[in-house]
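Let's take a friendly walk through this structure, from the fold of one chain to the way the chains meet.

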Protein chains: 2
Amino acid sequence: MHNIEDIQDIINKNIENLNFKLTPVELYEPISYIFSFGGKRIRPVLTLLACDLFDGQVEDALNPAIALEMFHNFTLIHDDIMDKAPMRRGKKTVYKKWNTDIAILSGDALFAKAYEVAIKTNEKYLKNVLKVLTKAAIDVCEGQQYDMNYETDKNITLPDYIEMIRLKTAALIGACLKTGAIIGNADDNEVAKMYNFGENLGLAFQLKDDLLDLFGKEEVFGKKTGGDVITNKKTYLYVKSFELATGNEKKILSNYFSGNEFDEEEKIKTVKSIYNNLNVIEITENEIDKFFKQSIKCLDEINLPSFRKSELKKLANQLLRRES
Amino acid sequence: MHNIEDIQDIINKNIENLNFKLTPVELYEPISYIFSFGGKRIRPVLTLLACDLFDGQVEDALNPAIALEMFHNFTLIHDDIMDKAPMRRGKKTVYKKWNTDIAILSGDALFAKAYEVAIKTNEKYLKNVLKVLTKAAIDVCEGQQYDMNYETDKNITLPDYIEMIRLKTAALIGACLKTGAIIGNADDNEVAKMYNFGENLGLAFQLKDDLLDLFGKEEVFGKKTGGDVITNKKTYLYVKSFELATGNEKKILSNYFSGNEFDEEEKIKTVKSIYNNLNVIEITENEIDKFFKQSIKCLDEINLPSFRKSELKKLANQLLRRES
């Protein structure tokens, strides 16, 4: 059995060995650049831990795991264009450092390169692995579209919001765990449970992200807090607050998220104080806890000794205790 | 044995059956829209004809063929953003009809959907088919990057140019024919020859495109001629002319393709007259003929009775006699 640190080492070494020193450099430099941001490589680590849970060959899970991480990084490059996000992990985003055309095309190349790695998967698992990756890719696109729609849609309900993050974030986390389970030769029921484990973990993870975007510590978070408020992102905090708010608070929220220009500092300060008044931090933390417990329940239902699940549980806990 | 029209019917029916009436509509409408442009569906037709050449099961080639056509349409959506092309086949391009974000994301979704169809390929051929598709996808991205670079690079040689269109256009035509051959159970040597047949055909096809962009009939071509001249695309015509031009003509060409603003009509008229003076139409036609003959030579080297090759030869001829 492998622990998280072993697995992270394996992943990091494999990512270092990905060779993007190719021509044309304008296409591949942005890909090297986005990988240079580092990060915890949560997705491929989850894939390898899931495979290891079922005592599978971790080496067989490596290519699909790296492909999933490559796919994830492709989505970051394109999402940053659409979200007009200038910074990521304290560095300029690809479209800001270069330009939109370069970001579109290097993203496309990385998407194709992800498949190049994925198709190296042991043929025994190839078709299933590719199905999972491709389904997740489609889900993520759909989720991103809903996310964009919600920037201007006025009446987003909580179920709308949860469905959006399920597609945009949770589906890929589910896919990572499902892929690991497939390569661990888990049975269909176990594979489905691992997907649900990941999906619920992904939902909790995204709500935590919503919370950190506004209430995280800037020096740990790597970018200015309040980005979602400035760009009128309809986060869980917003949708819940808008549901709870009445009278003047509802008017202020509605006005602030209408798309007009406001003084950024003042907007963040006011929105924060409304969220505080409505007790939305606690409500969000409870919701995170609910999805987290649901995720652990799925993992618990898998008929394996508890000690085998310790690393996955540890990582799941880390993801929700994080401050960045 | 199937003829071109049979094969076109099969492809068209299958494309009609692709269901993009999905949600979110903002994501899928642009995909339905680009498929509604119609066209000759050259790429999937080539795949099926190649399979049929080797007496393969055309039904087995259908999913990969459709996937290749989907991939091609994805590249059109993204290329039109980068090329700032307002029109395609007499209709607004996706990014013009909607916006850049929608065009990026619906393109991404179509890329993923292409793989969704590709992975339905008979498992016997799956890995090889996906390798060919993915290699072509990477080649096309690299080619598009060189194409963008060449808009501002001053010293493009003819070999640079040919390598760019080999990646951007010819590699996918090669991939279509290779895929058909794989599913027709052709041997490795035959598969390689089919790729070379396609690659040379693709080079001839692109040069023909360069010619039509400036000298095609607008009513047949579906867009204004001279688009490449206006956007400073370094086509074969330009690169060859720049090589041949001396004195004042060279200065005019250099100035006109410098990126500054000019009166469009006058720019097109002057550039056309320089190309005419330098006899570049005839030179390009000879080059097209050279690549075409090279492509037919590859096909001829395949040890099959000549009558089996008639439909592929007929289609290849049509592609180079076209006026749009």
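Below is a short report on the chain, the symmetry and the interface.

## The chain on its own

Keep in mind as you read that this is a predicted model. In chain A, the secondary structure amounts to 16 helices and two strands. Its C-alpha trace spans about 60 × 50 × 30 Å along the principal axes of chain A. For 324 residues, a compact globule would have a radius of gyration near 20 Å, and the 20 Å of chain A therefore agrees with that.

What share of chain A is buried? Buried residues account for 50% of its 324 residues. Turning to contacts in chain A between residues at least 6 apart in sequence, 73% of them join residues at least 24 apart.

## How the copies are related

A turn of 180° with a shift of 0.0 Å along the axis lays chain B on chain A, with an RMSD of 0.0 Å. The two copies are thus related as by a two-fold rotation axis.

## Where they meet

Chain A and chain B each bring residues to the contact: 32 residues from chain A and 32 residues from chain B. On the side of chain B that touches chain A, the elements giving two or more residues are α2 (25-35), α4 (58-82), α6 (100-118) and α7 (123-152) of chain B. The largest share of that side, 15 residues, belongs to α7(B). Sorted by class, the side of chain B that touches chain A holds 18 nonpolar, five polar and nine charged residues.

Of the interface residues of chain B, 100% are also interface residues in chain A, so the copies meet through the same surface.

Definitions and conventions: Residues are numbered from 1 along each chain as its sequence is written. Chains are lettered from A and ligands numbered from 1 in the order in which they are written. This is a predicted model: local features need pLDDT of at least 70, side-chain atom pairs count only at pLDDT 80 or more; totals for chains, interfaces and linings use all residues. Two residues are in contact if their C-beta atoms, placed from the backbone, lie within 7 Å. Helices (H or I, at least four residues) and strands (E, at least two) are DSSP runs, numbered from the N terminus. Ala, Val, Leu, Ile, Met, Phe, Trp, Tyr, Cys and Pro count as nonpolar, Asp, Glu, Lys and Arg as charged, and the others, Gly among them, as polar. Copies are superposed by least squares on the C-alpha atoms of residues with pLDDT of at least 70 in both. The radius of gyration is taken over C-alpha atoms; the globule rule is 2.2 Å times the number of residues to the power 0.38. A residue is buried if 20 or more other C-beta atoms lie within 10 Å of its own, exposed if 12 or fewer, and partly exposed in between; C-beta atoms are placed from the backbone.
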